[in-house]
Amino acid sequence: MVEILDSTLREGEQTPQVNFMIEEKLEIARMLDRIGVDMIEAGDPSVSPNVFQAVKRIAALKLRAEIVAHSLATKSGIDHARDCGVQRVVVFYPTSKIHLEAKMHRSEDEAVAIVCEQIRYARSLGLKVRYTPEDASRTDFTFLVRVCNAAIEAGADRISYADTLGILQPHEMFERITDLRRSLLPCKIDLHCHNDYGLALANVMAGIRGGADCIHTTVNGLGERTGIPDLCETVLALRNLMGVEKYDLHGLTEISAYLERSTGFFMAPNKPVTGLNAFSHKSGVHTNGVLKDPRTYENFDPALLGRERRIVIDKYTGKRAVQVRLEEYGVTVNGEDLDSIVDEIKRMGDERKMLHDADIVEIAERVTGRVIDIFPKDINALVMIAVESHVYTGAVVQRLKARKEVSSVYELTGDYDISLYVRVPNTCDLNNFIEELRLMPGVKTTDTRLVLKKHAEVVA
Ligand code: HCA
Ligand code: CU
């Protein structure tokens, strides 16, 4: 069964301008655990004292997911991981020629020796070990197999195939992982794919078909440069396209929104699954289809994610969508009027960037000559009144009922004793009315809210 390791707290925090507070990391870890990810990569404890604290506190939460610390292949890095109390450490060390020569100034033989020494050290501390050959996708395949098998013999039980630069195509990933699976000693294979060409999710799915076990994700696809696969997209793709049902979909919208808020890194509207437009329909052909049967243009029900479909009304809109939108406000129109309303919407849509529901209702009013009292044109307000304790509420109600501004009165329980629905022509009149209310005997305090939109039940 496919596994997910979420690295929002490690790879995700490598996103430019993104840094989490410790409490936020704990909250993210709890949310990830509720979704059911198999492993949480909580950070590299050597990065800073706060990263260390966060990893340690996440390990102490005793979540269902395995907690993983990331580390360079150094003794001190591994010591830090052990001190955090995590179950697993990642020992990462590059394997491509360019990284070994330009960055590490090490030969292939030296790299194998360092990797094995550090893995053995981590194992001696009782840690499970994943070895990541960084830049694996640009590494000579024979050397890659050699270093990975040496790592497995030294005690690693997972190898992370890192497409660090996001340069593979899905068919290549499939072939590489198929070959790797055949060439490696028994171990689990993780896939860490960067999204530089937008191929990260396609690549991990191809890699899974090739025999890999685990996909690395981050919430909202955070990470170095253009990030790695988004957790929400991955969970939906695994479920809907590959039949993997083990993750809880309910927490996905929440965690994505939490990450938007805590990072200030907002999703493009056209982002799959979590983007604003993921379940929006605009052209007449599409909206007509969706209103007849959502399966015409929706591969899955947005309710699975606690989301709703949205029908956009503008110049592309057909009759059916306009009719349904008006019905939502309790307005029914005949066929001829509907034609005229749609014509008018198309005309306005040619001139304006956006049409709001208030515009659509206003057009319907003009065409039908009816007053559709949904978006108040005069000032409508709800006024809450608290009555002095020694005063009989009914006495105040009697006075209020006599006022022409008041269209309904309710007696209530709670902090306020009376609520009024008030209609006045303008702000000045509202102001005068409230001043008079305050002077009325028995009125202790008032609290006023303006009404922006009245829904069908209220109108009726
Ligand atoms: C990096 C390291 C890494 C490691 C991936 C892994 C990568 O370059 O920052 O441990 O699986 O992309 O190679 O994120
Ligand atoms: Cu990475």
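In the predicted model, N220 is situated in the loop that runs between β8 (214–217) and α9 (231–242). Although N220 is not a glycine, its phi is positive, at about 65 degrees. This backbone angle deserves remark because most residues other than glycine have a negative phi. With a relative accessibility of 6%, N220 falls under the 20% limit and therefore counts as buried. The loop between β8 and α9 also holds R225, another residue that is not a glycine and yet has a positive phi, in this case of about 50 degrees. The relative accessibility of R225 is 46%, so that this residue counts as partly exposed, whereas N220 is buried.

Attention turns next to the copper ion, ligand 2, for which the protein donors are the OE atom of E11 and the NE2 atoms of H192 and H194, lying 2.1 Å from the ion. Along the chain, these donors follow the spacing E-x180-H-x1-H. Both histidines are covered by the protein: H192 has a relative accessibility of 6% and H194 has a relative accessible area of 4%, and each is therefore classed as buried, the limit being under 20%.

Two of the copper donors, E11 and H192, recur in the description of ligand 1. A polar side-chain atom of E11 lies 2.9 Å from an oxygen atom of ligand 1, and for H192 the corresponding separation between a polar side-chain atom and an oxygen atom of ligand 1 is 3.1 Å. Q14 likewise places a polar side-chain atom 3.4 Å from an oxygen atom of this ligand. Taken alone, ligand 1 exposes 350 Å², of which the protein buries 92%.

The surroundings of ligand 1 comprise 14 residues, the closest being H70, T132, E134, S160 and T164. By residue class, this shell consists of eight polar, four charged and two nonpolar residues. In terms of secondary structure, β5 (128–134) and β6 (158–163) each contribute at least two residues to the shell, and β5 gives the most, supplying three. Of the closest residues named above, T132 and E134 fall within the range of β5, and S160 falls within that of β6.

Taken together, the two ligand sites are linked through E11 and H192, each of which is a donor of the copper ion and also has a polar side-chain atom close to an oxygen atom of ligand 1, at 2.9 Å for E11 and at 3.1 Å for H192.

Key:
Residues numbered from 1 in each chain as written. Chains lettered and ligands numbered in written order. Predicted model: local features only at pLDDT ≥ 70, side-chain atom pairs only at ≥ 80, totals over all residues. Heavy atoms only, no water. Near = heavy atom within 4 Å. Polar contact = N/O pair within 3.5 Å; in protein donor to acceptor, adjacent residues only side chain to side chain. Areas by Shrake-Rupley, 256 points an atom, 1.4 Å probe, with all protein chains shown as cover. Helix = DSSP H or I, 4+ residues; strand = E, 2+ residues; numbered from the N terminus. Nonpolar A, V, L, I, M, F, W, Y, C, P; charged D, E, K, R; others polar. Donors = N, O, S within 2.8 Å, 3.2 Å for Na, K, Ca; no water. Buried < 20%, exposed > 50% of the residue type's maximum accessible area, 1.4 Å probe, protein only.
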